[in-house]
Each structure stands twice: as structure tokens, then as C-alpha cells.
Amino acid sequence: MTLNKHWKYPDGDLVTTNLKGLVRTNPQLRLLEQEKVVYRESPKDKVAVISGGGAGHEPLHAGYVGSNLLNAAVSGSIFASPSTRQIMAAITAVASKQAGVVLVVKNYTGDVLHFGLVCERAKAAGYKVDTVIVADDVAVGRDQNAMVGRRGLAGTALIHKVVGGAASQGYDVDKVAEIGNYVNQRLVTLGASLDRTSVPGRSADDQVEFCKDDEAELGLGIHNEPGTKIPIPEIDSLIKDMYTKLTSPDDDQRHYVNFDLANDDYVLLVNNIGGTSTLEMNAITEYAVELSPFKKPPTRVYLADFVTSLNSPGFSITILKLDDRKQEILGFLDLETDAAGWRPKPASGWNSTNQIISEQVEEQPLPKSDLRIDATKFRKHLDAALKSVIAAEPKVTHYDTVVGDGDCGETLKSGAEAVGAVKDYGDDPVNILVHITERVEDSMGGTSGGLYSIYLTALSKSLKGTSHQDVANAMKEALYDGLFKYTRAREGGRTLVDTLQPFVDTFVKTGDIKQAVEAAEKGCEATKTMTAKFGRASYVDSSEFKAEGGIPDPGAVGLLALIKGFVDAQTN
């Protein structure tokens with residue numbers, strides 16, 4: 001599942017190059033290249049907050065260096081703790097002995113040991129120092145006898161923000177560390193992913209065992225530590241299960257967060273572990289809000305790639321319980337920052353409870369005209385045309401699979417079914433066209449939906465106020481003064497226009513509908529030998545169009561089926 005391919009980097013030190021790229025984007029940042037320390041230049045009159053760990057979790061940690069957040073971040077190699085020398089270099093760069101420093105560390109053995117050793121050395125050197133060790137991963141039980149305990153995951157970002165905010169507001173070392181530990185005790189996170197991550201520079205043989213195509217993993221760590229493999233579930237079922245594990249009291253009581261689902265205020269953070277699309281992350285966030293077991297809505301909803309595992313296609317959910325220090329903690333979370341990795345919006349507007357508007361906007365009445373047609377006869381033609389389009393779907397889909405993205409047939413079929421679902425369109429042709437256009441707009445996406453909608457809208461406008469004898473000229477006006485204003489597609493460009501334009505031109509010239517259909521057929525057939533100039537087909541190798549003796553344009557084929565179905569019903 002995971003894409004096990006990466007670009008090749010000639011310098012062999014992707015981590016340092018990454019840090020260089022980061023500081024190029026923010027003039028407030030500096031990089032100690034040899035020590036891989038990113039810091040911001042600022043007075044040393046307040047407590048400095050420093051964090052760090054292995055690379056591969058961007059924007060953690062360096063992405064959180066900024067105002068009201070971290071003063072410095074130290075990076076090790078990918079998934080490897082930084083050395084004590086690197087950490088001490090960060091302290092020297094941003095901290096004063098008088099104001100002191102707080103070190104924020106994720107609960108991994110290497111990080112805890114190295115940062116702990118530096119803490120003791122810094123104390124010996126005269127610094128005021130304390131640590132906050134983040135441990136929010138509920139996939140690892142908080143057994144009192146466990147040697148390691150829970151890992152630090154996306155909750156680290158919230159602790160960074162609270163601790164950084166407290167330091168910027170003048171809290172001393174003890175109080176900064178105390179509020180960090182306070183948040184940690186009220187923090188839970190659980191991750192799920194469709195697969196592990198792959199590491200740049202490592203061959204496929206060196207990678208971990210990935211999930212099968214039908215598997216996902218629940219509770220995995222951010223360094224490819226295994227979780228529990230499960231069949232890929234429905235997302236709502238997965239999120240409900242995650243909430244059960246996040247809030248369950250069935251755990252060792254040493255650090256269990258005592259959630260009161262009926263009364264608690266809380267912060268909800270949804271984290272992209274690295275490889276999930278923005279479209280899906282937004283949807284996952286909506287499910288996370290709607291399926292929350294808490295009676296109250298979340299006080300804040302945060303969505304971003306806070307703590308990643310390179311390109312792992314997963315997400316995690318974090319809950320921060322807000323209780324007696326709610327306003328204090330929200331105040332620090334809401335402080336604005338110029339750190340590149342902190343994306344949540346400032347506090348204004350969070351009290352709104354009506355963000356999702358369910359009521360439909362009042363629709364404008366459909367335009368009418370003095371024209372009238374035989375409604376029964378028109379319905380016969382329309383149904384025949386729609387039936388013809390639906391019957392042509394497999395052929396259109398096949399053609400579009402060869403030379404496009406494969407969705408043209410389904411798009412046309414969807415539009416035909418939506419138009420056909422309306423039982424009565426009446427006898428006013430202008431009103432009918434506008435009504436059909438609405439169905440097309442709602443059911444057909446992509447280029448073809450736009451072209452159909454524009455042409456039908458222009459045709460309804462042209463028809464209004466005309467006589468029945470002027471239908472052909474109305475069709476011409478809709479094409480040349482309507483559709484052609486918004487597309488450069490013309491006859492010869494291998495699009496549906498190769499069917500539409502000759503049909504309209506011939507109908508205007510001869511007044512004979514049969515001759516117009518014959519011209520449309522010739523135009524459609526001619527697309528077999530044309531080079532595509534528009535749409536995705538224009539990027540397809542020309543040899544693809546020669547398959548099967550030539551592939552006609554799918555859109556032209558679909559429109560021809562519509563026209564022939566409508567006209568044939570008149571002659572049968």
C-alpha cells in the first residue's frame with residue numbers, strides 16, 4: 001500500500017537538507033548545521049523551550065520553532081535520537097542560566113536517555129532545567145510495572161504549544177514544566193493506518209513488512225512499531241472503535257484519563273500521519289466530530305499533519321481533557337505563532353455552534369416563456385435519448401479507459417438517469433431546458449458536465465422569446481455566442497464539439513434534422529484519426545488512439561448517442 005519509492009538525493013544527508021529548506025522559508029529561523037539545531041533569535045530573558053528527536057516526523061520538531069512556541073529544536077537522523085552534544089548546543093544557543101530551559105521529550109528510550117543526560121549536565125553547569133516527557137499513546141498500556149510506558153505521538157504538538165505559550169508569558173521553569181506535565185496527564189492518542197512507512201534511501205529489501213492489500217493497522221507507532229493488523233473497516237466503525245479505546249477505563253489506573261463523557265470539555269486533534277489526502281483528512285475529521293462519545297462538541301478542532309511518520313497513509317485522533325485550567329490552556333493554544341508547522345486558526349469564532357447549515361437556500365423560480373410543445377411527444381423523445389445514452393455507456397467507458405481517465409461513460413449515464421428521474425417537465429421548452437440543466441449540474445462532474453450545462457443554459461436563453469421556426473438559429477446562437485465563449489474546443493479538436501458543431505451547422509443550413517444527424521455521425525467518426533488538443537486525452541501517447549483501428553472521442557460518441565436517440569424517436 002505504501003509507496004516504496006523516493007527521489008534520490010545526491011548529498012546523502014536528507015535531514016540536514018530538509019532543515020536548510022525549512023529555515024529558508026522563515027527569516028526568523030537559524031540553523032546550526034553541524035548540530036542540526038533550528039532556533040529562533042530572541043532575548044534570553046524568559047524560559048527557553050527546546051524539543052527534539054528523530055527526523056521523519058515533520059513538521060515535528062523544527063516546524064514548531066517560532067513565537068509563542070519552541071525556541072529551538074534538535075534533529076537526529078531518521079527515527080534516531082539526537083546526541084547529547086547536539087542537545088547541549090541548542091541549550092547554549094537559546095537559553096540563559098538565569099531564566100532556564102524546559103526540555104520536551106517524546107517517551108522513547110533513546111530520546112529520554114539523551115535528553116535526561118543533558119538535563120543533568122546543564123544543571124551541573126548552572127542552568128535551571130526541567131523536562132516534560134510526552135506519553136499519550138493508548139495503544140501501549142500504562143502498566144505501573146512497564147519498563148518504557150506509553151509512547152509520545154501527536155499530543156506532543158499540543159504540549160509544545162501549551163508549554164511554549166506558558167514560557168512566552170513569563171512562567172518560570174517550574175511552572176512551565178508543571179503545566180506541560182498537567183496536559184500530558186490529560187492527553188490520549190491512538191493511530192490507525194493502511195500501512196507502514198517507507199524510509200528514503202533504504203532499499204525495498206530493508207523495509208519492514210507492509211500490510212496486505214486488504215489490511216489496515218491499529219495502534220502502530222511512528223517508527224514502524226507494529227500495531228494490530230485488522231481487515232480494512234468502514235471509517236465510521238473504525239473511529240467508533242478508536243474512541244472506545246481512547247476513553248475506556250479498562251486500563252492500568254496510574255495514568256488513566258478519567259473522562260466524564262457527559263460533562264467534559266475537550267480539544268480534538270486529528271493528525272495526518274503523513275500519506276493521507278487532504279480530501280480524506282477533512283472527511284475523517286467530520287466523522288471524528290460527529291461520532292464523538294462526548295455529549296458536548298469539542299471546544300477546539302485541530303486538523304493538520306502535526307506529527308507524521310514520513311509517508312504512512314494513516315491518521316491519529318488525540319483528545320485533550322479540559323477541566324479546572326481550561327481557560328489557561330486554551331489561552332496558550334490560541335496564542336498566534338509564526339511557526340511553520342502550527343496551522344490551527346486563532347481563537348476568534350470558536351463559539352459558533354451553527355457552522356453546518358442544513359436548510360437549503362431558497363431556490364429561484366425557473367424561467368418561463370410563451371412557447372409550448374407537446375409534452376407527451378417530447379417525453380417520448382427524451383426517454384429515447386436517455387435510453388440511448390445509457391446503452392452506450394459500456395462503449396464510451398471502454399473508449400475513455402483507453403484514451404482518458406475512464407469516467408466519461410459513467411458521467412453521462414449518471415446525468416441521463418438524473419434527468420430521467422423527473423416525471424413531468426411540462427410543456428414550456430425554456431422551463432424544460434433550465435430544469436434539465438439543473439439535473440445535469442447536480443449529477444455530472446468533470447468537463448462534459450460543464451459543457452452540457454453551459455450549452456443548455458445558453459440554449460434556454462436563446463429560445464426565450466423566439467418562435468418555433470427559430471429553433472435551429474437558437475441552437476447556433478447557444479453554440480457560437482454561448483458555449484464557445486468558455487471553451488476553445490472547436491471542430492477538429494477531438495471533443496464532443498466534433499459531434500455538436502456539424503450537427504448545429506448543418507441543421508441551420510438545411511433545416512433537415514436527418515442531414516444534421518448524418519453530419520454529426522461523420523464528425524464523430526472523424527475523431528478516430530485526430531490528435532487530441534484538449535483534456536486528459538491530450539496527454540496520452542498518440543499510439544493509444546490507433547488501437548482497434550482508431551478510438552473515437554468518448555464525449556463525441558456519447559453526445560451522438562443522445563442526439564440519435566432523440567431524433568430516431570421522431571422517425572419511428
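# Notes on the buried charges and salt bridges

1. The backbone oxygen of Ile551 sits 2.7 Å from a polar atom of the Arg494 side chain. That same side chain also reaches the backbone oxygen of Pro552, at 3.3 Å. Both fall under the polar-contact rule: a pair of N or O atoms within 3.5 Å, where, within protein, one must be able to donate a hydrogen and the other to accept it, and residues adjacent in sequence count only if both atoms are side-chain atoms.

2. Before going on, some housekeeping. This is a predicted model, in which local features need pLDDT of at least 70 and side-chain atom pairs count only at pLDDT 80 or more, while totals for chains, interfaces and linings use all residues. Residues are numbered from 1 along each chain as its sequence is written, and side-chain values use heavy atoms, with hydrogens and water left out.

3. Back to Arg494, which is found in the loop between helix 13 (471-482) and helix 14 (497-510). Helices (H or I, at least four residues) and strands (E, at least two) are DSSP runs, numbered from the N terminus. What is the nearest side chain of opposite charge to Arg494? It is Asp553, 4.5 Å away, and Arg494 is buried yet has no salt bridge. Buried means under 20% relative accessible area, exposed over 50%, and partly exposed in between (1.4 Å probe, protein chains only). A salt bridge needs a side-chain nitrogen of Lys or Arg within 4 Å of a carboxyl oxygen of Asp or Glu. For charge, Lys and Arg count as positive and Asp and Glu as negative, with His and the chain ends not counted.

4. Helix 13, on one side of that loop, has Ala472, Ala474, Met475, Ala478, Leu479 and Gly482 as its buried residues. These pack against helix 12 (446-463) and helix 14.

5. Arg186 is another loop arginine, placed between helix 5 (173-184) and strand 7 (187-193). Arg186 counts as buried because its relative accessibility is 17%. A polar atom of its side chain lies 3.1 Å from the backbone oxygen of Tyr182. Neighbours within four places in sequence aside, Arg186 is in contact (heavy atoms within 4.5 Å) with Val257, Ile319, Leu320, Lys321 and Asp323.

6. The unreviewed UniProt entry puts a "binding site" annotation on Gly54, Ala55, Gly56, His57, Lys106 and Asp111. They are spread over 58 residues of sequence but cluster in space, with a largest C-alpha distance of 14.5 Å. Such annotations may be inferred rather than shown by experiment; UniProt positions follow the numbering used here, and feature names are shortened.

7. Are His57 and Lys106 buried or exposed? His57 is buried, at 0% relative accessible area, and Lys106 is buried too, at 1%. His57 lies in the loop between strand 3 (48-55) and strand 4 (72-78). Beyond four places in sequence, the residues touched by His57 include Phe79, Ile222, His223 and Phe306. Lys106 belongs to strand 5 (residues 101-106), and its side chain makes a polar contact with that of His61 at 3.0 Å. Among the residues Lys106 touches are Asp111, Val134, Gly152 and Ile222.

8. On to the ion pairs: the count comes to 22 salt bridges. One of them joins Glu41 and Arg30, with the closest N and O atoms 3.6 Å apart. Glu41 is in the loop between strand 2 (37-40) and strand 3, and Arg30 is in strand 1 (residues 29-32), 11 residues apart. Glu41 is exposed at 52% relative accessible area, whereas Arg30 counts as partly exposed at 32%.

9. Helix 8 takes part in two pairings worth a look. Lys326 and Asp265 meet in a salt bridge (3.3 Å, N to O), linking helix 8 (residues 326-334) to strand 10 (residues 265-272) across 61 residues. Asp265 is buried, at 18%. Arg300 and Asp334 also form a salt bridge, at 2.7 Å from N to O. Since Arg300 lies in strand 11 (residues 300-304) and Asp334 in helix 8, the pair ties together parts 34 residues apart in sequence. Arg300 is buried at 8%, as is Asp334 at 15%. Shared partners join Glu178, Arg325 and Glu328 into one salt-bridge network.

10. Overall, the protein chain has 16 helices and 12 strands, and 51% of its 572 residues count as buried. Of contacts between residues at least 6 apart in sequence, 72% join residues at least 24 apart.
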